[in-house]
Structure formats: C-alpha cells, structure tokens
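Student: I would like to learn how to read a protein structure feature by feature. Could we go through one together?

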Amino acid sequence: MVLKTLDVLGSLHGYGIARRIEQISGDLLAVNQGTLYPVLLRLEQEGAIASEWGASENNRRARFYRLTKEGRKQLQAETQDWEQTAAIIGRFFEAKAEDLS
Amino acid sequence: MNSLRRFFARLSSYGAQREQDERLREEIEGHIALQTSENVRAGLSPVEARRRAILKFGGVEGIKQEYRAKRGLPLVENFVQDVRFALRSLRRTPGLTAFVVITLALGIGMTSATFSMVDALIFRPYPVPRPGSVVSLASTTHDSPFDDFSYREYLEIRDKTTSYDGVIANASMEAVGFSAEAGTTPRIKGGMMVSGNYFHVLGVEPRLGRGFREDEDQVSGRNPVVVLGPDFWRHEFASDPSVLGKTVLLNGTKFTVIGVAPDSFPGMLTFGHPDFYMPLAMAHVFSTNIQKNFFEDRDDRELHLKARLKPGATLDQARNELAVIAKDFEREYPDTNRSRGAAVYTHFQARTIEDQNWKFGVIFVILALAVLLVACTNVAGLLLSRARARAREIAVRLALGAGRLRLIRLLLTESLILASLGGVAGIAIGYGVIEWFHSKDSIVFATELPVAVPFQMDTRVLLACVALSVFSALLCGLAPALQSTRVDLVNALKSADVDVPGRKRLWGRNMLVVAQVSMSLMLLTASFLMARGFQRSLLEDTGFSKDHLLMTSFDPRLIQYNAAKTQQFYKLLVERMREIPGVQSVALTQNIPVGVDDFDGVAFVPDGFQMPPDRANFNSTMDTVDEGYFETMGVPILRGRAFQASDTADTPRVAIVNEHLAKHYWPAGNAVGKYIRLDSGAGTPVEIVGVAQTIKSQSMQSPMDFVYMPLAQHPVARMVLMLHSSGDPLELVQPVKEVVRSLDPNLPMLLTRSYEEFYLNQVVRGPRIAIDLVGSMGLVGLLLAVAGLYGLVAYNVSCRTREIGIRIALGAASSDVLRLVIGKGLVLVGFGTAIGLAMGFALEQLMNSMLFDSGGVDILAYVTVVPAMFLVTMLAAYLPARRAAQIAPTQALRYE
C-alpha cells in the first residue's frame, strides 16, 4: 500500500502517506498511524524507497519519501502477485456448484 | 538478498544512533503537528485537536522501541550495553574483581602451561604440509613395539610397498664434528642422516638451494652434500645466501652445502632441531655401529622409517601390506628377523609409544584442571554471594519487566568479562611458566647436541586458553545467574533479605562446598603422592659412586681415526691418565649411568636355556667398558672376577652380567662359568666371568638385565673417560687437557664435567622441578579452597544471622548455635572428604599404572592430607560460627 501510494502520488511525507491510506481505504484501515514509521524504515533499509528532508505544507521540516527503481520493480512484482492471488480467490467465489458437474 | 541488504543498512546505522533518534522524533512531531492542524480545520479546539492527533498516532514510546529494534543490531547493542554495565559494576567492587581475576588466572595459567607440554609431546602436528598422512613404520619384537630398521630392510620396504607416496628413513640425530674451514678444531653439532627422498616426500621446500635428489643417495660415499637447518644457517653463517656451494668439513670429510631448510621446518624431532642433514649414502663418515656394515648387515638397525600415505590408501591396507613384508623377512632371513614383526603407527600412536614422558604431562594437566575447577567453584561461590547482595536490584529489574533470559545474559556477560580478564592474566602466567622452562635455570641438557624444550605458547595453546576462559565463565557464572534470577518478587522487594530458606537454594551452595573440599583434597593427595614418588626415586640407592669423578668423552672418528688407531689412542690415553697425580683410577665406558644416550642392546641366547618356541633370542641392555670400570664406578663384583688386561681380542670372549640377569636366567645356580651366545643359538659363545651388583643405570626405571663387554673384545669408537680423583675432580681438567693435547691436538674433549654435577642435572633436577610444580599446584589448590570455603561458610552463616538472632532471643545458648553451624559444616566437609578420597584413590591407581608402579596404596599421603584438610575446613566454619553466636539478638533482629 505504501509503495502504491508513493507510486501514484510521488514524493510524500509520512503524514501524507498515512492520510492517503486512510482516505483510500475509506477510514476502514484506521490503525495507529505511528506503526507506519517502522514500516517505512524497513522499506528504506531494503532500498525500495528513499527519503530526504523537505518542507511540508505548513512549512515544517518533514521527511519526504519517494519510490526508487528498486521499489518500482518490487511494486510491480507484488502487484502481479496480488492480482494472481486475487484472481484465484475470485474464481473460487465465482465458481458455482453446477460448474463442477 | 533483501535481508542481507537490511543487515548492512542496520550495520551502517549502528554508529549514528543519536542522529537517527533525532530524525524519528522530528518526524513524529511533524506528523502530529500536521494531524493537529487538520483537526483544527475540522473544527476542534487546538487542545482537543492535539489530543486526538496523539491518540491516533498511537503509543509513541512503543513505536520508538520498535523503530529502534528495526534500525540497529539489537543483539550487538545489548551486548555492548551489558559489557558497559558489567564493567561499571565490576569497577564498583575492585577487591572482589581482583580476587576473582587472580584466582581464574592461576587456574587458566597452570592449565595452559601444562597443556603446552602435552601438546608438544603428543598433539602438535609435524611441521610439514598435510601432516596427517605421515605415518611411522616400526619394527616390532617381543620387547619393543618401536624398534628400528636396517638399511637393507628400508630399501625393500620402500620398493615393495604400494600404499605410500614415498617411504623415508632417517638415523638419530648425532654428534658430528663440524668445521667451516679446514684446519680449525671441529666443534660438535647435531647432524641427521636422511634418505634422498626425505625433503621431497615430506613436501618441504628448501628456502635456499635444493633438497637431496634421489640419485644422491644411491652410491655409498659418492655425493658428499649437506642441507643446513634454518637455525644453524642463521647462527653459523649469519643467514648468508652465498653459503650455497660452500665446502664444510663434517667429521673431517668435505661436504658441499646444497640447500637450507625453511624456517617452517625445524625438523621432525620433538626435542631438538638438527643443525644439518646428510644423505644416508654417506654413512661411513658418521657414527654408525663400527662393528657392522651399515649398508649390508640386516641386523644393523639404525633407521627410523616414516611414510606418506597415498590419498586413497587406508591405514589398515598399509598395516596388512607391511605385515606381509615382515613375514617375508622372517622367512628369508631367520637369523636376523625371527619373531620380528612390523607396525604402522599414526603420528599420535608413534608419539605415545615411542616416548613415555607424555604421561607426566597428562597428569600435570589433570592436576592443573583440578586447580581450575577449584578456582571456578571459588568464583561461583563469590558471584553467588554477590548476586545476593544485588538481589534487590535484580528484583527491581524483574519487576520492571526485564526478561529473565535478558538478565541471565547480563550476569553471564559479567562472568565472561571476569573470565576474559582472568584468561589474559592466565596467558601471562602460562607464558611465564613456559619461559621459565626455556630458561637455563630449569633444565640444562647435558649434551652438545642442539636440544630444545619444545613447549611454547603458540596459537594452539592460546586457543586452548580462550576455550578455557569461556568454559570457566559458564562454569562459574551460570549457576549464580540462574539462581539469582529465580526470586520471589514480592518477598525480594519487601526486604533485602531475599534469602528465603528454600531447600533447593541451600542445596546448590552446599554442593559448592562439597565440590571444593573434594577437589582440593584430590589435588593435595595427588601432588603429595607425586612428590613422594619423585622423592623416592631420588633417594633410592643407585649402586654406584658419583662423587670424585671427572668425566669427558672422545670420538676419534671426528678426526678420521680408523679402528686400529682408535684402539691405540685409548690404550695410550688410559696409561697416561694413570700417571697424573691425584688420579686414583681410570675407566673407559661407552655410556655412563643415567647418561643422555641410550644404552646399546644385545641379543643373546643363554647356553642350555630352553628357548620359548616363538623367540629366537633375548634382549638385554649392554655397555662396553674397560678393566678399570668396576673399581672406578664403585660397582661391586659379587661373584667371579672383573675384566682384566689379559682379556684381549685374541683370548676367548668374556662378559660380565648384572645380578638381575643372572637371577633371571640362572635362578638356581651360579652364572659364572656359563656361556651366552650372541644373536642366536649358533652365535659366538661368550663366557660369563663375573656377576656385578645391579645398578640403577637409567633414572625412573626399574632394574633391568645388563651385560658388560670388555672394550678390548668389543671395540667402540666413542667412549667416555672416567677419572676417580682423590681431591676435587675439576682440578684434574687442566692436566687431562694437556695429556690429550700431547696425544692429538685436534681431538676435541666433549662434555667435560664432574660426574656428580652431571648426575644432579640429569636425575635430580627434573624430578625436583616436577615436585616443585606439583607442590605449587597443590598449594595453590589448597589456598584457593581454604579461601573459598571460608567465604562460603561465612556467607552461609551471615545469611542466617536473623535466624540465629531469633534462636538466641528464644533462649538458645551460644554453644547451641556454635554446634548448629559447625555441625552443618562438618557434614559438608565429611561428604567432600569422602568424595575427595575416592577421587584421590582413583587418581593414585592411575598414577601407579602410568608412572611409578609402586603398587600399593600410599597410606602416609592420606594420613597427612585428610586431617590437615579437615582442620582447615573446621577453622573456616568455626570463625564465622563464633561470630554468629556472639551476635546480640536485638542487633540480629534489627539487621537491615
């Protein structure tokens, strides 16, 4: 989700990412926003995202995260994975009893 | 892949902790500020907006923790933290720390020093590539599992075997007269004859020049070439590379230097590094048995064989193959090879069979380990009492949610630091002990050969030290760590006196007391026994005189005397010596009692003796002496006569045997007048003309068969001259030198010294050192044990101060308390003594079977050691008990 968000919106700071996820999920995924930061750290260590300081909307110093090439590749792979999984699961739901006979 | 990258990212961020913390803090603040402003926009009051924002963000500390855990390397960080904390808390108690470190250092130091002995004697691999595939080949007889081969046998074994990548042979290192230029008096150096393929098969590449070629070892006397040892090259030629091609004189013969062995190859011997190597084909120049033909006689056994196993070949194959060859030898050459087998030994087997000294090393290691164990129990006891003092601290940590494992890790880190400090100090001690072995104060080898003490502090010993440190850290740290983290929190927080008298806990501490008593008792018993064993061997009557004797030896082959000239020289030498004033008697002997060189052996068949079917002959040690020997050495002739000047090469052969041999083969009758035949039943008959009293001619060994042959009938080149003086024997040195110079100015006098000094050095010094070593181990063990016991018992009593106070308050007399405390101590000491006695007894059996062979139990040792031990431990119990009994009840109850 983080990767996709960054993919769509480009460079973004932590709060922005959290807000975005909330918005898209329609506030269904309103977890503690703080848990986002360890995730960001992990992704950065893996090299999927990079970060630098910048100025936020209210002119505070904020750390902006953006997707790297590596991250784009990872996103692609994971998107594919997810689509595959979703497709499989979807087929199970579509399958009706008569299809099997 | 990803995890690897994360690891490096973590590693790099490890240094920049503070910066990263700051970054997170700022991010969080920014996040909350943004959320707050949004909330305000949504219409909330600023305070409420901020509250909601924080609420939404979640537990800041938790996030921070998680963030940190993800960021760095928590294991390493924790360890560094632990180390810092441990160092801090150890610094708070410098006295205790110092005591623990010294205690462990003594244990580790002693163990490492003794381990270096055992390592040098049996474990250290040969200094060659792939040392594991080098095996030793030995000829075996009824009497010896490690006999040598003759040159002919070597050639056949080399050519017939298929399991090896080459079979090499070498003679023993022996004295060779060396002069760098013609015309200078030769000096004695240690040379070793080796086969032409020696360096090649061992895989030793010379650092200069080349090793021998196989064709240099094919024709007798054709290739006088020599390869120098690395040390010799350095000292004698100042590492001069132009030494190649230079001509040197060995025993008066010109040899060309063709190579220098590398520093990594000091030689294959355990003791000593050969100065140079010569090809076997030059044997006629060196001290081979002059009565035999080295190249032809199959019973001239002077060669040690080694071989490198082929990569695929197994030891069993090699053994079978060699056994078949030995059988062939037996069939083809019954005269020389009857009932003679052959064996293949691994490096370890060879070392343990060839030389028995390693057994002392093993016993020393056992004793040193016992010292280390005592030291560890000591430290464990101390840490335990320390842990009690820290009980509240630990309880607080536990109550605050520290994991038990985490705490145990912290405590173990502490003991690891203690043990490492102890290990470092122990290495220093071990190094000191080993250096002392090397110094001239310890052992002076009475030989002119390059002999060296092989013990050294090398990587292997250092590794052992590290292992020992870790081992002792676990040993002394684990129990206290486990115990002190298992506390009842409620009680522990309520009072400092955490020590709920649970049975389990007391049991652990009591175990320590018992272990300590028993270990130190065993240590003491063993060192006492060992000291007494050595003492006994020193006090034993040797059967010959040692005082007023001057010894000096000659080897006329060093200046190329032939057999006739040699005989003439010795005859003149003895005549002239007799004329020197102050000389009471003169003797020549091939070997002196307790000398450096081994006695020769002689194979014989007693005439008229029914030989067992599987034996061709018996073996005995022998010595070649002249007619003055028995008088000069003060060895009484019990029956028959001594040798006389009338026993010459032209008269029938005669011999004198010792009483041991006489009783052995002629238990009923008089051996005088009987005959023995040399080598086999058909050999030369030799009449026994006398029976000499049995002397202890080799130290630390039980009496053995011995045959004396007269020099006139059994010529030997290298002889020792013994002079019995009326005054100080050293006053004779100058006149003797003048006489020798008048006979031949080029002939060096070797090993000139008073025999008494030589004897002390050879026989007394080694055991003395052993006694010192063992004694100091026993003493250290005892001191440690006393200190530890006192500490433990005193600590036990102090734990019960409150209980004792209550007892006294309730009306117990102080004598009751005393009885209670001492009684408990007694029980523990009793247990410890019983176990210690059992262990000491087992060790005694082991030592008897390995070393002294004194058979029975040495009662005196137990009678001395046990009460002493008991007394000490009683004292350790009494003092704190008395203090406890004197406590005023009010004080005890108010205690803390």
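Tutor: We will go through the two chains, their sheets and cores, and then some single residues.

Student: Before we start, what kind of model is this?

Tutor: This is a predicted model, so let us keep that in mind as we read. A useful beginning is to list the helices and strands of a chain in order.

Student: How many helices and strands are there in chain A, and in what order do the elements run?

Tutor: Chain A has five helices and three strands, and from the N terminus on its elements follow the pattern α-β-α-α-β-β-α-α. For chain B the count is 27 helices and 22 strands.

Student: How are the three strands of chain A arranged in their sheet?

Tutor: To read a sheet, we ask which strands are paired and in which direction they run. In chain A the three strands make an open sheet with the order β1-β3-β2, and their pairing is antiparallel. The strands β1 (12-13) and β2 (49-55) of chain A stand at the edges with a single partner strand each, and therefore one side of each has no neighbour in the sheet. Between β2(A) and strand β3 (residues 61-67) of chain A there are seven bridges, and in β3(A) it is A:Ala62 that serves as the bridge partner of A:Gly54.

Student: What share of the residues is buried in chain A, and what share in chain B?

Tutor: Burial is read by counting neighbours around a residue, with 20 or more other C-beta atoms within 10 Å as the cut-off for a buried one. In chain A, 26% of the 101 residues count as buried, while in chain B buried residues make up 41% of 896.

Student: What part do residues 24 or more positions apart play in the contacts of each chain?

Tutor: Here we look at contacts with a separation of 6 or more, and ask what share of them joins residues 24 or more positions apart. That share is 82% in chain B and 41% in chain A.

Student: Which residues of the largest nonpolar core touch the most other members?

Tutor: A core can be read by looking for its best-connected members and for the elements that supply them. The largest nonpolar core has 94 residues, of which B:Leu367, B:Val371 and B:Leu523 touch the most other members. Helix α13 (residues 358-389) of chain B gives the largest share of this core, with 20 residues. If we leave out residues up to four places away in sequence, B:Leu367 touches B:Leu523, B:Ala526, B:Ser527, B:Val774 and B:Met777. Apart from this core lies another one of 62 residues, which includes B:Ile157, B:Ile168, B:Ala169 and B:Val201.

Student: At what angle do helix α6 and α13 of chain B pack?

Tutor: For a pair of helices we read the angle and the distance between their axes. Helix α6 (residues 94-123) of chain B packs against α13(B) at an angle of about 160°, and the axes are 8 Å apart. The angle makes α6(B) roughly antiparallel to α13(B), and the crossing of the two is left-handed.

Student: Which residues of strand β7 in chain B are on its covered face, and which on its uncovered one?

Tutor: A strand has two faces, and we can read them separately. In strand β7 (residues 247-250) of chain B, the covered face holds B:Val248 and B:Leu250, whereas B:Thr247 and B:Leu249 belong to the uncovered face. β7(B) runs antiparallel to strand β3 (residues 174-179) of chain B, to which two bridges join it, and four bridges join β7(B) to strand β8 (residues 253-260) of chain B, again antiparallel. B:Leu249 is the bridge partner of B:Ser179, and B:Leu249 also has B:Lys254 in β8(B) as a bridge partner. Two residues lie between the strands in the hairpin of β7(B) and β8(B), where B:Asn251 takes a positive phi near 50°.

Student: Why might a positive phi be worth a look?

Tutor: It stands out because most residues other than glycine have a negative phi. B:Arg130, in the loop between α6 and β1 (134-140) of chain B, has a positive phi of about 45°. B:Leu751, found in strand β22 (residues 750-754) of chain B, has a positive phi near 50°.

Student: Is B:Leu751 buried or partly exposed?

Tutor: B:Leu751 counts as partly exposed, because it has 17 C-beta neighbours inside 10 Å.

Note on methods. Residues are numbered from 1 along each chain as its sequence is written. Chains are lettered from A and ligands numbered from 1 in the order in which they are written. This is a predicted model: local features need pLDDT of at least 70, side-chain atom pairs count only at pLDDT 80 or more; totals for chains, interfaces and linings use all residues. Two strands pair if DSSP finds at least two bridges between them. A nonpolar core is a set of buried Ala, Val, Leu, Ile, Met, Phe, Trp, Tyr and Cys residues joined through C-beta atoms within 7 Å. A residue is buried if 20 or more other C-beta atoms lie within 10 Å of its own, exposed if 12 or fewer, and partly exposed in between; C-beta atoms are placed from the backbone. Two residues are in contact if their C-beta atoms, placed from the backbone, lie within 7 Å. Axes are lines fitted to C-alpha atoms, for helices over the stretch in contact, and angles run from 0 to 180 degrees between N-to-C directions. Angles under 35 degrees count as roughly parallel, over 145 as roughly antiparallel, 65 to 115 as roughly perpendicular and the rest as oblique. A crossing is left-handed if the near helix is turned anticlockwise from the far one by less than a right angle, and right-handed if clockwise.
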